[in-house]
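Me: I have a structure open and some terms to sort out. Please take my questions one at a time.

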Amino acid sequence: MTKENNDYETIVSWMFLQIPMYQRTGKAAYKIDLEKTHRIDEYFSEPHKSYKTIHVAGTNGKGSVSHTLASILQEAGYRVGLYTSPHMKDFRERIRVNGEMISEHYVTRFIKGNQRFFEEIKPSFFEMSVAMAFNFFEDQQVDVAVVEVGMGGRLDSTNIIYPEVSIITNIGLDHTAFLGNYLYSIAQEKAGIIKRNIPVVIGESHPETKPVFREKAEHVKTSIFFADENYILEPSVIFDPLKNSFKVFDKKTDQYLYELTTDLLGAYQRKNLATVLKALDLLKDNFLLNEKDVQKGLSKVKTNTGFLGRWQVLETSPLILCDTAHNAEGVKTNMEQLEKMDYQNLHFVLGFVNDKNIENVLSLFPGNAHFYFTKADIPRALDENKLRKQATNAGLSGNTYPTTEEALNAAKKAASPNDMIYVGGSTFVVSEVI
């Protein structure tokens, strides 16, 4: 390892361990206001004002929507910044320009050069990461940055930008300890990204949350659009290990429009693509986009952006899929798609974090499958024996394994070539098997 590599590892370790990081430590990292974010932004002279932005929030799908929009804009010839979270393997995955990760040198130089300031105000891991991203995008002279919300919206550190369009993919029961126990209260937090005179696209309309978004849009005098009231997408095939094709219809007229193909797999992408299409309708006023850009961008999302972990095929014999869905809405959609697929036996390698109520999630898994309960190597990981106990109460049975590697190896040893292995439960389990 070179000195520069060692410096980078040291700096990232300092960010992870000295300053709370929600994904690893949980509630200790949660901030109750944006005071420090604004202070940091002023310290760096508001770098996000030097380029256009697109803001993406939501319970599920915001990663897919963010990466897809970035890919399309990149194919249209724009220099595109992309900020997302969490990362799978390397912190630098969070900050990209035209798919290229931020350099280790930049990360090291940014933290070292401002470490005294950071130690003085003690920002969270996420606040520092956002500041780094916004500065990097300015230094790289991007035309536009697609910025994904970390959690919630109203109090998220990204919520200081004034984007071309705001997007809220959907609302589900996730992060309830911070955002509330009801869809209504979670929607209020997500609606915090809706700003005056900036149009907002809502991916999925829901009777409990729709009034929240409409009220906020009216209050700030901006236009609001519900993607699922404009577009409906139907799968062309049930499952193809290499592509995902959908027929697009105008929801209001039932007229067939065209067919789209994306390299992001999973039937749930039809909802994300409807959101993307409505956002593109609004972005075409400020960006030069044509059908070729859209089609090519959709077919190269993973290539252009390095997107990982969403219905990703790891091996084909047996078929091994991983997906980062970790709440009831996401898991329910995945289980519905599994029911339509062809395999002999089904195996699940599962691990969860310890600060979520997973009873409603576990109840969605099929009781006749084989389970391998494990945990990721992070402080928040739920002990595999506790997980098995909760799973047993939900009618699921299987053995425990102290590491994801051991769990996956056991599943592969037990599976026949015609079986299927699904790896998931938590982002961190998925990241360790990719």
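Me: Which hand does the crossing of α4 and α11 have?

Reply: This is a predicted model. In it, α4 passes α11 in a right-handed crossing.

Me: Why are α4 and α11 called oblique to each other?

Reply: Helix α4 (residues 62-75) and helix α11 (residues 291-299) pack at an angle of about 130 degrees. Angles over 145 degrees count as roughly antiparallel, and 65 to 115 as roughly perpendicular. The value of about 130 degrees fits neither class, so α4 and α11 are oblique. Their axes lie 8 Å apart.

Me: Which residues make the contact of α4 with α11?

Reply: From α4 come T68, S71, I72 and E75. From α11 come D293, V294, K296, G297 and L298. By class, the contact of α4 with α11 has three nonpolar, three polar and three charged residues.

Me: What makes α4 and α10 oblique to each other?

Reply: Again, look at the angle. Helix α10 covers residues 269-283, and α4 packs with α10 at about 45 degrees. Roughly parallel needs an angle under 35 degrees, and roughly perpendicular begins at 65. About 45 degrees falls between those limits, so this pair is oblique. The axes of α4 and α10 are 10 Å apart, and α4 passes α10 in a right-handed crossing.

Me: Which residues of α4 meet α10?

Reply: S64, V65, T68, L69 and I72 do. On the α10 side are Q269, N272, L273, T275, V276, A279, L280 and L283. This contact has eight nonpolar, five polar and no charged residues. T68 and I72 of α4 also belong to the contact with α11.

Me: Why are α3 and α5 called roughly antiparallel?

Reply: α3 and helix α5 (residues 104-121) pack at an angle of about 155 degrees. The cut-off for roughly antiparallel is over 145 degrees. The angle passes that cut-off, so the label holds for α3 and α5. Their axes are 12 Å apart, and the crossing is right-handed.

Me: Which residues make the contact of α3 with α5?

Reply: K36, R39, I40 and Y43 do so from α3, with N114, F117, E120 and I121 from α5. The classes are four nonpolar, one polar and three charged.

Me: How many cavities of 30 Å³ or more are there?

Reply: There are four. The second largest cavity has a volume of about 80 Å³.

Me: Which residues line the second largest cavity?

Reply: The lining is T37, I40, D41, F44, P47, E127, V130, A131, F134, N135, S157 and I160. Two elements give two or more residues each: α3 (35-43) and α6 (125-139). α6 gives the most, with five. Seven lining residues are nonpolar, three polar and two charged. I40 of α3 is also one of the residues in the contact with α5.

Me: What is notable about phi of E46?

Reply: Phi of E46 is near 50 degrees. That is a positive value in a residue other than glycine. E46 sits in the loop between α3 and β1 (52-57).

Me: Which kind of peptide bond joins S85 and P86, and where is P86?

Reply: The bond is cis, with omega about -5 degrees. P86 is in the loop between β2 (80-83) and β3 (95-97).

Me: And which kind joins S317 and P318?

Reply: A cis peptide bond joins this pair too, and omega is about 0 degrees. P318 lies in the loop between β12 (312-316) and β13 (319-322).

How values were computed: Residues numbered from 1 in each chain as written. Predicted model: local features only at pLDDT ≥ 70, side-chain atom pairs only at ≥ 80, totals over all residues. Heavy atoms only, no water. 1 Å grid on protein atoms, 1.4 Å probe; cavity = no way out; pocket = protein on both sides within 12 Å on 5 of 7 lines; lining within 4 Å. Points joined across faces, edges and corners; volume = space filled by probe spheres on them. Helix = DSSP H or I, 4+ residues; strand = E, 2+ residues; numbered from the N terminus. Nonpolar A, V, L, I, M, F, W, Y, C, P; charged D, E, K, R; others polar. Axes fitted to C-alpha atoms, helices over the stretch in contact; angles between N-to-C directions. Left-handed = near helix turned anticlockwise from the far one by under 90°. Contact = heavy atoms within 4.5 Å.
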